[in-house]
Amino acid sequence: MSTVRDLASGAMGILQRDWNVFIAYRGRVVMHIMSMIFTLTGFYYVSRLVTVGSFRSPDAYYAFVVGGLVILQMVTSTLHTPPMMVQSELYTGTFERLAISPLGPVASICFMMLFPFFYSLISAIVMLTLAWLIFGLPVQWSTAGLGIPVAALGALAFSSFGVVITGVVLLFKQASVGTTWIIALITLTAGLYFPVALLPGWVRWTSDVQPFTPAVDLLRRVLTGTPLADPAWLDVLKLVGFAGVLLPLAVCLLSSIARVSRTKGTILEY
Amino acid sequence: MPVSAFPIGAERENGAAPSKPGESAPALVVRDLSRKYGPREVLRGVNLTLEPGQSVLVSGANGAGKTTLLRCVTGVIAPHEGSISLFGLDPEKQRRACQRRIGFLPAGDRAVYARLTVRKNLDFWARIAFVPRRERVAAVDSALRAFGLEELSDRRADRLSMGQRQRVRLAMAFLHSPDLVLLDEPDTSLDPDGVALLSGAVDEALGRGAACLWCGPTGARETVTTDLTYEFADGVLEPA
């Protein structure tokens, strides 16, 4: 029981630290909102050009792509932000403090996923609201609230990848660069900007063996009412399966990586 | 000046064994420790024992292996040969129990969150050091007092001078009343007042039965009285 209490205290400490560091840079929120507006505006005018059979109207494509942008925030927060945070901690020497603390490097890295997750959730809500207010996105408010548990489940499934990539930073310092490629691949194979049905057959199978596709499909369904390719329960089951299997494996792998980096001495290198 | 958040002999709520005067197990036992970086052997068969209440100075030239020794003891890097025992515990198997009882000051001026205030830096450390919630504020206040940081408590770390920053780093090392204090060049950038505060904190720790391992470059002034002095040469630790 005291272990759980201690870990909860450590988790809250890291969450609060990340929040305090975040609010120390006051312009960050304004700049992020401006970026969202530019992105939403760009895709709004791209959607005006879309007249293909897959979408009944430009508005339907816009709703589809905004769903993709929302999930992209979750993907970025779980895959890209934590490795960058650890790299920054290595530069500033603060990772050493985490590593020697009773909390330890593995739990610290896992808890570093929390703030980016909550931040991306709030960003997603803001983005959806902006798209609705400025561009008249047809948000399905009756089911939109379900977007939060769906996003949380998706983030849990994605975070296994984030945990491993972050661990790899302890061994190979520039590993976070690789996440850019991974995110680019995800945007292509999970149908973030276009339906996966448009992909060539030899690539399409990759959409079925990763957690991003069901998360994107479910989120679009509850936010904008986009029809699902598979039954909703199957998508939920896939996400639960990915989270339940991959996350424990990822934490075990991270522990092994931390052990190896202690032996090699790379755990404090930057 | 008192920095202890846990009175001597008090049972700690966080599960760590209390620091007891006359505790039978040595605070630290290092046996035949070796550590390489690539082909370079930095530590070669190092042996060292620290009893509770004992203070040891390890000096040596730059790159002699002092920091590597401390990093091995804290468990942040693993030795390639030999063994380490802390309070009779195996740090590999009982990591958390050992880490609760260690206070570590890394060398340099890093390991502080630049955008956080002094108090927030200390509070964060108290949380991840598992200081119980209802003792946390008192522990932070006590550490601020011990290192003369009360007036700087709301100042951001990146707006501190080097000496002030060093005091913050020292406050973190002593905040949770560790039973083994590991200090890597602790008097760097400190003015005479800062050195006096450091000396007081070390004396207080020794007085409640903690052990102190102090590392510094050869020829550095001896800020505190030590029971034993060792010198590093070519990765070998020998009595000075």
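1. Let me start with the packing around α3(B). In this predicted model, the buried residues of α3(B) pack against α1 and α5 of chain A, together with α4 (133-146) and α5 (162-174) of chain B. Helix α3 spans residues 118-128 of chain B and is mostly covered, with 11 of its 11 residues buried. The list is worth a look for its mixture of side chains: among the buried residues are Leu122(B), Phe124(B), Trp125(B) and Ile128(B), but also Arg119(B), Lys120(B), Asp123(B) and Arg127(B). Just after the helix, Phe130(B) takes a positive phi of about 60°, so to speak a spot to inspect on the backbone.2. The two α helices of chain A named above also belong to the contact between the chains. Here 27 residues of chain A are in contact with 29 residues of chain B. On the chain A side, α1 (2-24), α5 (94-100) and α13 (232-264) are the elements that give two or more residues. The largest share, 10 residues, comes from α1(A). By class, this side of chain A has 10 nonpolar, 12 polar and 5 charged residues.

3. Next, the nonpolar core. The largest one holds 137 residues, and Ala171(B) and Leu175(B) touch the most other members. Which element gives the largest share of this core? That is helix α9 (residues 147-171) of chain A, with 13 residues. Around Ala171(B), leaving aside its neighbours within four places in sequence, the contacts are Leu122(B), Ala143(B), Leu144(B), Ala146(B), Phe147(B) and Leu149(B). Leu122(B) in that list is one of the buried residues of α3(B).

4. Chain B as a whole has 6 helices and 9 strands. Of its 240 residues, 49% count as buried. Among contacts in chain B between residues at least 6 apart in sequence, 73% join residues at least 24 apart.

5. One sheet of chain B is open and has 3 strands in the order β2-β1-β4, with antiparallel pairing. Its edge strands are β2 (40-50) and β4 (81-86) of chain B, each pairing on one side only. Neighbouring strands are turned by 25° against each other on average, direction ignored. Helix α1 (residues 66-74) of chain B packs on this sheet, where it touches β1, β2 and β4 of chain B, and its direction makes about 120° with that of β1(B). Strand β1 (residues 28-37) of chain B pairs with β4(B) in the antiparallel sense over 5 bridges. Within β4(B), Ile84(B) is the bridge partner of Val30(B).

6. Strand β8(B) is another one to follow by eye. Does it run parallel or antiparallel to β3(B)? Strand β3 (residues 55-60) and strand β8 (residues 228-233) of chain B run parallel and are joined by 5 bridges; Val58(B) has Tyr230(B) as its bridge partner in β8(B). With strand β9 (residues 236-239) of chain B, β8(B) runs antiparallel, through 4 bridges. Phe232(B) stands opposite Leu237(B) in β9(B). The hairpin of β8(B) and β9(B) has 2 residues between the strands, and Asp234(B) takes a positive phi near 55° there.

7. Finally, a word on confidence in chain A. The mean pLDDT of chain A is 89, and 99% of its residues reach 70 or more. Within chain A, confidence is lowest in helix α10 (residues 175-189), at a mean of 82, and highest in helix α6 (residues 104-111), at 95.

Methods: Residues numbered from 1 in each chain as written. Chains lettered and ligands numbered in written order. Predicted model: local features only at pLDDT ≥ 70, side-chain atom pairs only at ≥ 80, totals over all residues. Contact = placed C-beta atoms within 7 Å. Nonpolar A, V, L, I, M, F, W, Y, C, P; charged D, E, K, R; others polar. Pairing = 2+ DSSP bridges. Axes fitted to C-alpha atoms, helices over the stretch in contact; angles between N-to-C directions. Core = buried A, V, L, I, M, F, W, Y, C linked by C-beta atoms within 7 Å. Buried ≥ 20, exposed ≤ 12 C-beta atoms within 10 Å, placed from the backbone. pLDDT = per-residue confidence, 0-100.
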